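Student: I should like to learn how to read a protein structure, feature by feature. May we begin with a helix and the surroundings of its buried side?

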Amino acid sequence: MIKRIALALVALVGSASPAFAVEVDVAVLLVDPAPLDGAEVTVEGELIGDFMRRDEWVWVQLNGDPYASEPLGEGGELVGPNLGIALRFPIAVFDAAAFESPGGYGVRGPVVRVTGEWRYHDEERGGESYLAVTSVEVLERERRFDAPLPVGVLLTGLGLIAVSGLIHAASRRRSASDAP
Amino acid sequence: MLLRPDGEDARVIAFFLGRICYVVAAASLLPVAWAGIAGEWHPFASFVLMVGVFAVFGAAGTAARPRQARLDWSHGMVVVALTWLIVPLIGSIPFALSGHFADPLDAMFDAMSGLTTTGLSVLQDLDHLASSLNFWRHLLHFLGGQGIVIAALSLFAGGGGLTLYYGEARDDRIFPSVISTARFIWAVSLAHLVFGVLVLMVVGILAVGLEPARALFHGLLVFFAAFDTGGFAPQSTSLGYYHSVYFEAATAILMVAGAMSFGLHFALWRRRRVGVLRNLETRTILATFSGTLILGIVGLGALGLYNGVFGLARQGLFHVLSAHTGTGFATVPSSELAMWGGLAFGGVAIAMALGGMASSTAGGVKSLRIGLTIKVLRDQVRQVLLPEQAVVSRRYHQGGARTLTPAVAQAVLAVSLLYVALFLLGAGVGIAYGAPLEAALFESVSAGGNVGLSVGLTDGSMPVLLQITYMAQMWLGRLEFVAVFALVGFLWSWVRGR
């Protein structure tokens, strides 16, 4: 626990977001991405899916939707599709944050506040759009949650399988008795 | 005079539906096992329930015991049309219980979209979805793309295989026996499955940076969606998630393989490459793909969205290919796709409407029909221009020399026109709900052509009537009308027949 807090502090102190960065929602970067091309922006959201390490970078998706604070499996409400953008971290910055796992089923991923350059249709990367992260602040760590086994649903399913077996057996018996 | 179907008709239909339900129940054990191994107990229970419902339908259907277990033409068509309603209905149970859909209709929408290999989705919070449910979405692509009935035919012999086969909009008989053809289709698909998943997994590890287990997961799901030209993706940002040109290239090869007819696969396996290039369908698809690609890239260039040639070519090529093969993968958000106006919009929309090859997993009008329609029109013009006594050749090459008879020409034109009507109908409903013309047309063509690209009209908040319209379009487009019309006719004669 102490190690985790220490790592979070390192990530916080070592990567305070620059004062001149523009604070935006992920939705803005999806709906109207061009005007911010090349600008220093700060966004908040949940790291989700996979931490994809390649070359000197780590790629990960950041979702800036309401599920980032409360996923459906944890009691969140249906509010539409996910809203995600790509982040590209330098490995050193990423490792300093000491993330354990990204979000997914049963895991609300780390919620971060990242600052970096918004690269819209980056020519060097064949027209991809992403945020080239320079600093990260961990707002909340990963959180696991369970979805309980719905016993009633399971028993109904097993009951139906048993019923199908009975129907099948009865049908076969009738066929056998009808045979000349 | 219409003849009212009797109890024996109902028993024959129920018997074959029951058999197919048994096959799907067996296939549904895969997500059950997946959920159990992954420890995803909530979806595990819902999959067990789904298996139970399929099994009861299977047992009740096969217990109907008709006097003769043989299908005639109309029975086969009705069985196919009903199969493609019942399977998504029951297959939507785990979705409906997952909490990721607002209501059962939304769950049914995604199941229908999955089975018809469309790829439009109203699922919410995909990125927190259980892996077993994600697997089931993509397995529906595989079952639908290869053909559920094909699966059933591969497993049990029985009367009426031919009518079931044609009912599922396939007309390539690679071998004299339909069952042998069905088994060949599954053999090709399983060979591609092993090879495709392996390639995607290796690319996932080396070029994308995924951990091996996750690379296998992504590789398997993306394979199902690419080879079956489906379009669902494991994550909400579709293929844009991977940010890898190598992963896109590997996926593109699978999309092309999926859009090829199984007859063409057979010819290539037998190394008959020369004949392949002479085929009207091959030439047509190469021409239409080139044309729509030029339209798309010139259009994107005119919009000035991409500065570099590489970006322009990569994005243009991938999206036109995704549209033409009927896959529906995207590397940009739907909000950005909506900005593709003018020629770029035209290129992608036309590519979606044209679709892949006949007897493939792709949707759309299909290249063979496009090629034949052009030939009919060209022959008509030549007939008018030449002297009255001149005889215009009606021959074309498609797996050998063939003659374009008036009956074939009529059928081709009729189905092509039905597709146009289907696209316009969906667009009309979209416009009635206030969508702009371009967006309404795009989404309608995507649904009717079983593509799955979206400019944002399809989501959890869409009007119910529009949602039902898109579902009907997916169903009609996938079965190429005939089986659905046969079902309507069957029901009509049940009501009005004597």
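Tutor: This is a predicted model. The buried residues of helix α2 of chain B pack against two other helices of chain B, α3 (41-62) and α7 (131-146).

Student: Which residues of α2(B) are buried?

Tutor: Helix α2(B) covers residues 29-38, and its buried residues are B:P31, B:V32, B:W34 and B:A35. Viewed down the helix axis, these buried residues fall within an arc of 165°, so they line one face of α2(B).

Student: What backbone feature is found just after α2(B)?

Tutor: Just after this helix, B:G39 takes a positive phi of about 70°.

Student: How many helices and strands does chain B have?

Tutor: Chain B has 23 helices and 2 strands. Its C-alpha trace spans about 65 × 60 × 50 Å along the principal axes.

Student: Why may one say that the radius of gyration of chain B agrees with that of a compact globule?

Tutor: One compares the value with that expected for the chain length. A compact globule of 498 residues would have a radius of gyration near 23 Å, and chain B agrees because its value is 22 Å. Of the 498 residues in chain B, 59% are buried. One may also consider contacts between residues at least 6 apart in sequence: in chain B, 75% of these join residues at least 24 apart.

Student: Which residues have the most contacts inside the largest nonpolar core?

Tutor: They are B:F54, B:A81 and B:V348, in a core of 193 residues. To read one case, set aside the neighbours of B:A81 within four places in sequence; B:A81 is then in contact with B:L479, B:A483, B:V484, B:A486 and B:L487.

Student: Let us turn to chain A. How should I read the pairing of its strands?

Tutor: For each pair, one notes the direction and the bridges. Strand β3(A) is joined to β4(A) by 7 bridges, and the two run antiparallel. Within this pair, A:V58 has A:F89 in β4(A) as its bridge partner.

Student: In which sense, parallel or antiparallel, does β4(A) pair with β7(A)?

Tutor: Strand β4(A), residues 84-90, pairs with β7(A), residues 128-140, in the parallel sense over 2 bridges. Here A:R88 has A:A132 as its bridge partner, and A:L87 stands opposite A:L131. Moreover, 6 of the 7 residues of β4(A) are buried, so this strand is largely enclosed by the rest of the structure.

Student: How do the side chains of a regular strand lie relative to the sheet?

Tutor: In a regular strand, they alternate between the two faces of the sheet.

Student: How many bridges join β6(A) to β7(A)?

Tutor: There are 10 bridges between β6(A), residues 111-122, and β7(A), and these strands run antiparallel. One facing pair is A:R119 and A:Y130. Their hairpin has 5 residues between the strands, where A:G126 takes a positive phi near 60°.

Student: Finally, how many residues does each chain bring to the contact between chains A and B?

Tutor: Chain A brings 47 residues and chain B brings 53. On the side of chain A that touches chain B, the elements that each supply at least two residues include β4 and β7. The largest share, 13 residues, comes from α4(A). By class, this side of chain A has 24 nonpolar, 18 polar and 5 charged residues.

Note on methods: Residues numbered from 1 in each chain as written. Chains lettered and ligands numbered in written order. Predicted model: local features only at pLDDT ≥ 70, side-chain atom pairs only at ≥ 80, totals over all residues. Pairing = 2+ DSSP bridges. Helix = DSSP H or I, 4+ residues; strand = E, 2+ residues; numbered from the N terminus. Buried ≥ 20, exposed ≤ 12 C-beta atoms within 10 Å, placed from the backbone. Arc of directions from axis to C-beta. Contact = placed C-beta atoms within 7 Å. Rg over C-alpha atoms; globule rule 2.2 N^0.38 Å. Nonpolar A, V, L, I, M, F, W, Y, C, P; charged D, E, K, R; others polar. Core = buried A, V, L, I, M, F, W, Y, C linked by C-beta atoms within 7 Å.
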